[in-house]
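Visitor: I would like to learn how to read a protein model feature by feature. Could you walk me through this one?

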Amino acid sequence: ELTIPRGARVEPAREVLARGASGEVHVDPDARRLTAPVEGGAGRLAELVRELDEAGVRIEDLAVRRPTLDDVFLALTGHEARDAREATEEAAR
């Protein structure tokens with residue numbers, strides 16, 4: 001997860017993350033947060049920081065977050081676990 005300062009451009013950060021990501025880069029423009037799955041976890045963090053710096057991307061916050069069970073479910077099924085539970089409950093009625 002990467003947060004850029006207010007007023008900074010999102011696109012250069014998205015481009016850097018997209019090159020190193022193993023999946024889609026999600027952008028929350030209101031929070032100025034970009035999230036992307038990256039293989040290598042914390043070991044890849046130093047490389048990404050260098051690449052972001054070279055691209056002129058200012059960083060407000062950067063963190064490695066392990067995926068939750070809901071994240072994994074969403075990646076595998078394309079919808080949230082809550083949606084699946086609701087559909088199961090409706091089918092049971």
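**Reading the fold**

Visitor: What covers the buried residues of α1?

Guide: The cover includes β1, β3 and α2 (42-54). Buried means under 20% relative accessible area, exposed means over 50%, and partly exposed is in between (1.4 Å probe, protein chains only). Helices (H or I, at least four residues) and strands (E, at least two) are DSSP runs, numbered from the N terminus. Please keep in mind that this is a predicted model: local features need pLDDT of at least 70, side-chain atom pairs count only at pLDDT 80 or more, and totals for chains, interfaces and linings use all residues. Residues are numbered from 1 along each chain as its sequence is written, and side-chain values use heavy atoms, with hydrogens and water left out.

Visitor: Which residues of α1 are buried?

Guide: A helix has a useful rhythm: with 3.6 residues a turn, residues three or four places apart point the same way. In α1 the buried ones are Pro-12, Ala-13, Val-16, Leu-17 and Gly-20. Viewed along the axis of α1, they fall within an arc of 130° (taken from the directions from the helix axis to the C-beta atoms), so they line one face of the helix.

Visitor: Could you show me one of them up close?

Guide: Happily. Ala-13, in helix α1, is buried because its relative accessible area is 0%. Setting aside neighbours within four places in sequence, Ala-13 is in contact (heavy atoms within 4.5 Å) with Leu-2, Ile-4, Leu-34, Leu-52 and Val-57. From Ala-13 to Thr-3, 10 residues apart in sequence, the C-alpha to C-alpha distance is 9.4 Å.

Visitor: Let us zoom out. In what order do the elements of the chain run?

Guide: Starting at the N terminus, they run β-α-β-β-α-β-α-α, with 4 helices and 4 strands in the chain. The chain has 93 residues, of which 22% count as buried. Among contacts with a separation of 6 or more, 48% are between residues 24 or more positions apart.

Visitor: How do the strands line up in the sheet, and in what order?

Guide: Strands of a sheet pair through backbone hydrogen bonds, either parallel or antiparallel. Here 4 strands form an open sheet, ordered β2-β3-β1-β4, with antiparallel pairing (two strands pair if DSSP finds at least two bridges between them). Strands β2 (26-28) and β4 (61-62) stand at the edges; each has a single partner strand, so one side of each lacks a neighbour in the sheet. Between β1 (residues 2-3) and β4 there are 2 bridges in the antiparallel sense, and Thr-3 has Asp-61 of β4 as its bridge partner. Helix α1 (residues 10-20) packs on this sheet and touches β1, β2 and β3 (33-35), its direction making about 15° with that of β3 (axes are lines fitted to C-alpha atoms, for helices over the stretch in contact, and angles run from 0 to 180 degrees between N-to-C directions).

Visitor: Is Thr-3 buried or exposed?

Guide: Thr-3 counts as buried because its relative accessibility is 11%. Beyond four places in sequence, Thr-3 touches Ala-31, Arg-32, Arg-33, Ile-59, Glu-60 and Asp-61.

Visitor: Arg-32 is on that list. Where is Arg-32 found?

Guide: Arg-32 is in the loop between β2 and β3. Its relative accessibility is 14%, so Arg-32 counts as buried. The residues Arg-32 touches, not counting those up to four places away in sequence, are Leu-2, Thr-3, Ile-4, Pro-5, Arg-6 and Glu-60. Take a look at the backbone too: Arg-32 has a positive phi of about 60° although it is not a glycine.

Visitor: Which polar atom pair should I look at around Thr-77?

Guide: A polar atom of the Thr-77 side chain lies 2.8 Å from the backbone oxygen of Phe-73. Thr-77 belongs to helix α3 (residues 69-77) and is partly exposed, with a relative accessible area of 36%.

Visitor: And Pro-67, where does it lie?

Guide: Pro-67 lies in the loop between β4 and α3. Pro-67 counts as exposed because its relative accessibility is 57%. Pro-67 and Pro-37 are 30 residues apart along the chain, and their C-alpha atoms are separated by 8.6 Å.

Methods. Polar contact = N/O pair within 3.5 Å; in protein donor to acceptor, adjacent residues only side chain to side chain.
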